[in-house]
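Trainee: Could we go through this model together, one question at a time? I would like to reason from the atoms to each answer.

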Amino acid sequence: MKKTHAIANQLLHHPSTIVITLLSTMVAIMLSYNIIMRYGISWHVFSTILILYPFVVVFIYSLRRYVTLPLVTYLHQYFPKIFKTWISAHVSVPFFVIAANVTVMMSIFTETHRHMYPVFFTGFLSNWAKTFFVAIPVFFFIARPTVVYIFKRLQIKYPLPTVLAPEITVINTKK
């Protein structure tokens, strides 16, 4: 049992845990929003969300990790003056990553739901606007503050145990 507590404590304090939790939370919120907004609430819709959720989390994590985040950080390094004068990096990086992820996901969503959107471009723009203008406030005002608050409180309540190293006395032999 002590080993399980130690692993859970290490996981709580790992820097990637908060990122993965935030990403999973945002995917759950936005996947539910997009599907319920178009199909309503029913047991079939709920089971569809549960089936799709793990696949969408893995897809969005991979998209963010290997495509959108490197692209956005490259743009921030290539145009540092533009981004630093307009808005800070802790706001602009998530903003542009969310914009890129929403673009990819809404293009896939619009194409797979061709029966609902016979004209791709107008359907894509409509889906993108509905999703983007919900995702940004949800991320900045609900999901990120809540997840950060919960993790900070848990990290305070369950701190990493400090391993005290034996004191080593260095004797100066030179005179």
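Mentor: Happy to; what follows is a set of questions and answers on this predicted model.

Trainee: Let's begin with the core. Which helix gives the largest share of the largest nonpolar core?

Mentor: That core has 31 residues, and Met26 and Ile60 are the ones with the most contacts inside it. Two or more residues come from each of H2 (15-39), H3 (43-78), H5 (89-112) and H6 (120-157). The largest share, 10 residues, belongs to helix H6.

Trainee: Which residues does Met26 touch, not counting residues up to four places away in sequence?

Mentor: Met26 is one of the two residues with the most contacts inside the core. It is also one of the H2 residues that make the contact with H6. Beyond four places in sequence, the residues Met26 touches are Ala135, Val138, Phe139 and Ala143.

Trainee: How do H2 and H6 pack: at what angle, and how many Å apart are their axes?

Mentor: Two packed helices are described by the angle between their axes and the distance between the axes. The H2 side of the contact includes Ile18, Leu22, Ile29 and Tyr33, while the H6 side includes Val134, Val147 and Phe151. The crossing is right-handed. H2 and H6 pack at about 145°, with axes 9 Å apart.

Trainee: And by class, how many nonpolar, polar and charged residues does the contact of H2 with H6 have?

Mentor: Among the residues in the contact are Thr17 and Asn34 of H2, and Lys130 and Arg144 of H6. Sorted by class, the contact of H2 with H6 has 15 nonpolar, 6 polar and 3 charged residues.

Trainee: Now for charges. Which side chains meet in a salt bridge, and at what N to O distance?

Mentor: The structure holds 1 salt bridge. One partner, Arg114, counts as partly exposed because its relative accessibility is 37%. The other, Glu111, is partly exposed too, at 42%. The side chains that meet are those of Arg114 and Glu111, at 2.7 Å.

Trainee: Is Ser92 buried or exposed, and what is its relative accessible area?

Mentor: Ser92 lies in helix H5. Leaving aside neighbours within four places in sequence, Ser92 is in contact with His76, Phe83 and Ile87. The cut-off for buried is under 20% relative accessible area. Ser92 is therefore buried, with a value of 1%.

Trainee: Ser107 is also worth a look. How many Å apart are Ser107 and Phe120, C-alpha to C-alpha?

Mentor: Ser107 lies in helix H5 and counts as partly exposed, at 25% relative accessibility. Leaving aside neighbours within four places in sequence, Ser107 is in contact with Phe120 and Phe124. Ser107 and Phe120 are 13 residues apart in sequence, and their C-alpha to C-alpha distance is 8.5 Å.

Trainee: Last one: which residues is Gln155 in contact with, leaving aside its neighbours within four places in sequence?

Mentor: Gln155 is found in helix H6. With a relative accessible area of 22%, Gln155 is partly exposed. Thr21 is 134 residues away from Gln155 in sequence and 15 Å away in space, C-alpha to C-alpha. Leaving aside neighbours within four places, the residues in contact with Gln155 are Leu12 and His13.

Notes: Residues numbered from 1 in each chain as written. Predicted model: local features only at pLDDT ≥ 70, side-chain atom pairs only at ≥ 80, totals over all residues. Heavy atoms only, no water. Core = buried A, V, L, I, M, F, W, Y, C linked by side-chain atoms within 4.5 Å. Buried < 20%, exposed > 50% of the residue type's maximum accessible area, 1.4 Å probe, protein only. Helix = DSSP H or I, 4+ residues; strand = E, 2+ residues; numbered from the N terminus. Contact = heavy atoms within 4.5 Å. Axes fitted to C-alpha atoms, helices over the stretch in contact; angles between N-to-C directions. Left-handed = near helix turned anticlockwise from the far one by under 90°. Nonpolar A, V, L, I, M, F, W, Y, C, P; charged D, E, K, R; others polar. Salt bridge = Lys/Arg side-chain N within 4 Å of Asp/Glu carboxyl O.
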